Structure formats: structure tokens, C-alpha cells
Amino acid sequence: MTKVGVIGSYNADLTAKAAHIPKPGETILGGGFSVNNGGKGSNQAVAAKKAGAELLFAAKLGQDAFGEKALSLYRSLGIDTSFIILSEKEATGAALIMVDENTAENCILVASGSNLSFTEEDAEKIRPLICECDYLLFQLEITPEINFSLMAYAHEQGKKVILNPAPASDIPEEIFHKLYLITPNEHEAAALTGVAISDMASAKKAAEVLLQKGVQNVIITLGSEGALLLTEEECIMLPAIPVKAVDTTGAGDAYNGALLAALAEGKSLSEAAEYAAYAAAISVTKPGAAEASPFKEEILSFIESRF
């Protein structure tokens, strides 16, 4: 199997629920509290590993309890931690999440910590990972200049660079030419292209803009509407897999991780996108993000049950 790499973030998700989200200056007594593993890079690496990928993962953690929690997760799944960097100064990234129990609305404050402390010295430590992998998956939650320089390096080395452009951020125009695949959701695609997306037709227009910018292949995910795959040769509309959703947190990460694993197995882009849709569908039937991403056996069993 082809070896793949993920370079990205880890955040500890600290979630508290209450009858309503407090207003400025207000203190209220809440209900449930949990600390879970999060961060787009970490979630996608976990999802890829659980989906069967031979995986290398690079991230930067603080030397604290949250960093140890992350390392414990990776060791439990057999993820190689050789490229995990420990910060001497910054704390592990954390997301403070408040959830309204009645409406399910939330507000989130992310303290990026070590995720935004990548240095050129760190990049030097990560480059050997890139040289070992055929596919590299990136997001936009770590130090931008280092992140983009690693994408450029991967492209120079002849690797296939995949970018999940989340959260929506500015991307240097020259980076688009270095991407084998970009996987925005409809909001991120709209931010990157200026095309308002409301259906498959408008998603296709946005995807065409991304191809014009130099990206080789585009997958725009549209939640319950499915996904659109556009290449120079084909345009495929992939339906969503209908399930009863419990928690959509991390569905995009489950999708991207499973997509990476499927490509590593030699599946075509359309086959990999279909496989990823099944993985994302399973993930929304469970609470959590990294915890909800399915193992390969679950995905295959779910696919078999649909036919």
C-alpha cells in the first residue's frame, strides 16, 4: 500500500453544555463537560489510519496533559509519532466550546497554542516525512508560512498534495498550482472563488474557478446534498448517503481521512470520494469527532449492507 502523510493541527476540545450560552459578563451553571481529541489535522490523520492507511503524521504539541492525551491516542491506534514535535514554550492547542442544550447552537474559542508556533527548524524535521509519502494531506490550522512552504516542498518532490482548505483562509495564488486535489465544503469554496453556492450547478461553477486557478482536481462537499467531483476529464455528482445524524462534528475530517486512505489503496478519485462519503455517513451517527470516525471494517460492512 502507498504510504500517506498528514501535516496539521491538534486541539483538545473542551466542551460544556448549558441551558443557554452566557452573555458577556454573565456566569451560569452548566451541565455536562467533556475533553475530547480534536484539531482538523489530527482528526483527519486518525480517520485515515482507522480507514486502513499506512500513515505518517506531523503535528506540534505542548509538553502538557493535553499533549500527552494526544500522544496516547496516536499510540493506541498505532500511529507513528516520530514526526510529532514538542514545543518548549507553547501549550497544546485547545478549543473552548459552549453548547446550548436546547438549540444545539454553539460558540467556540480556539487557543491555537503550539499549532501556530511552527518554525523553519520544525519544517526541516518534517521534510523527511514528505519524502516517504506519495500523498500529503494539509489543512489551514497551523503556521501559514510554514504550512505553505511544506506544500511547495511536497510538490517539488513530485508528491500529490491534497488541501482541505479549512478553516476558510487566504491562500497564496501560487499554491493552487501545486495542488493535486482541493476539498472545500460549500462555504470554503465560496470564500475561495467568490461564487455563491446553493446547488450542484453553482458548485460546478465554483469548481471550474478552482481549476482555472491551477488546481488539478476539485471535490466540493455539500453536506446532505452530496459532493461534486470536477477534473479536466469528468464532472461527477455524488449523492450523500442517507442516515439518521446524531452529531455532524468532524464529518468533513472523517471524509478527508477516508478519502486519503482510499487513494492510498489505488482507488480512482471517484471511487475514493464514494468511499469517503460512506465513512462520513457513519461518523455522523456517533457523537464526537476523532472518536466517531469509522474503522475500515465498519466502512466495508456498511457499504455491503447498502446493496
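Here are legends for a set of close-up views of this predicted model.

Before you start, residues are numbered from 1 along each chain as its sequence is written, and side-chain values use heavy atoms, with hydrogens and water left out. Because the model is predicted, local features need pLDDT of at least 70 and side-chain atom pairs count only at pLDDT 80 or more, while totals for chains, interfaces and linings use all residues.

**View 1. Two cysteines, C131 and C133, that stay unpaired.**
A disulfide is a covalent bond between the sulfur atoms of two cysteines. Here the term is used for a pair of cysteine sulfur atoms within 2.5 Å, and the structure holds 0 of them. C131 is in no disulfide, and its nearest cysteine sulfur, that of C133, is 9.3 Å away. Seen from C133, the closest cysteine sulfur is the one in C131, and 9.3 Å is too far for a bond. Take a look at the surroundings too: C131 is partly exposed, at 38% relative accessible area, whereas C133 is buried, at 0%. (Buried means under 20% relative accessible area, exposed over 50%, and partly exposed in between, with a 1.4 Å probe and protein chains only.)

**View 2. A salt bridge between two strands, E54 to K3.**
A salt bridge is a side-chain nitrogen of Lys or Arg within 4 Å of a carboxyl oxygen of Asp or Glu; by this rule the structure has 11. In this view the side chains of E54 and K3 meet, with N and O 3.9 Å apart. E54 belongs to strand β4 (residues 54-62) and K3 to strand β1 (residues 3-7), so the pair ties together parts that are 51 residues apart in sequence. (Helices, H or I of at least four residues, and strands, E of at least two, are DSSP runs numbered from the N terminus.) Both partners are partly exposed: E54 has a relative accessibility of 37% and K3 one of 24%. E132 joins in as well, since K3, E54 and E132 are linked in a network of salt bridges.

**View 3. A buried salt bridge, K60 to D122.**
The closest N and O atoms of K60 and D122 are 2.7 Å apart. This pair links distant parts of the chain, with K60 in strand β4 and D122 in helix α3 (residues 120-132), 62 residues apart. Both K60 and D122 are buried.

**View 4. A salt bridge within helix α3, R127 to E124.**
Here the N to O distance is 2.4 Å. The two residues are 3 residues apart in α3, about one turn of the helix. An α-helix has 3.6 residues a turn, so residues three or four places apart point the same way. R127 counts as buried at 12% relative accessibility, while E124 is partly exposed at 49%.

**View 5. The second largest pocket and its lining.**
Its volume is about 170 Å³. A pocket is found on a 1 Å grid over the protein atoms alone, as an open set of points where a 1.4 Å probe fits, with protein on both sides within 12 Å along at least five of seven lines; lining residues have an atom within 4 Å of a point. Grid points are joined across faces, edges and corners, and the volume is the space filled by probe spheres set on them. Among the lining residues are K60, D122, I85, L86 and K125. Strand β5 (84-87) and helix α3 are the elements that give two or more residues to the lining. By type, the lining divides into 2 nonpolar, 3 polar and 6 charged residues. (Nonpolar means Ala, Val, Leu, Ile, Met, Phe, Trp, Tyr, Cys and Pro; charged means Asp, Glu, Lys and Arg; the others, Gly among them, are polar.)

**View 6. The two faces of helix α10.**
In α10 (residues 296-305), the buried residues are I299, F302 and I303. They cover an arc of only 100° around the axis, which puts them on the same side of α10; the arc is that of the directions from the helix axis to the C-beta atoms. The face turned away from this buried side carries the exposed residues E297, E304 and S305.

**View 7. A cis peptide bond at P167.**
The bond joins A166 and P167, with omega about -5°. P167 sits in the loop between β9 (160-163) and α5 (173-176).
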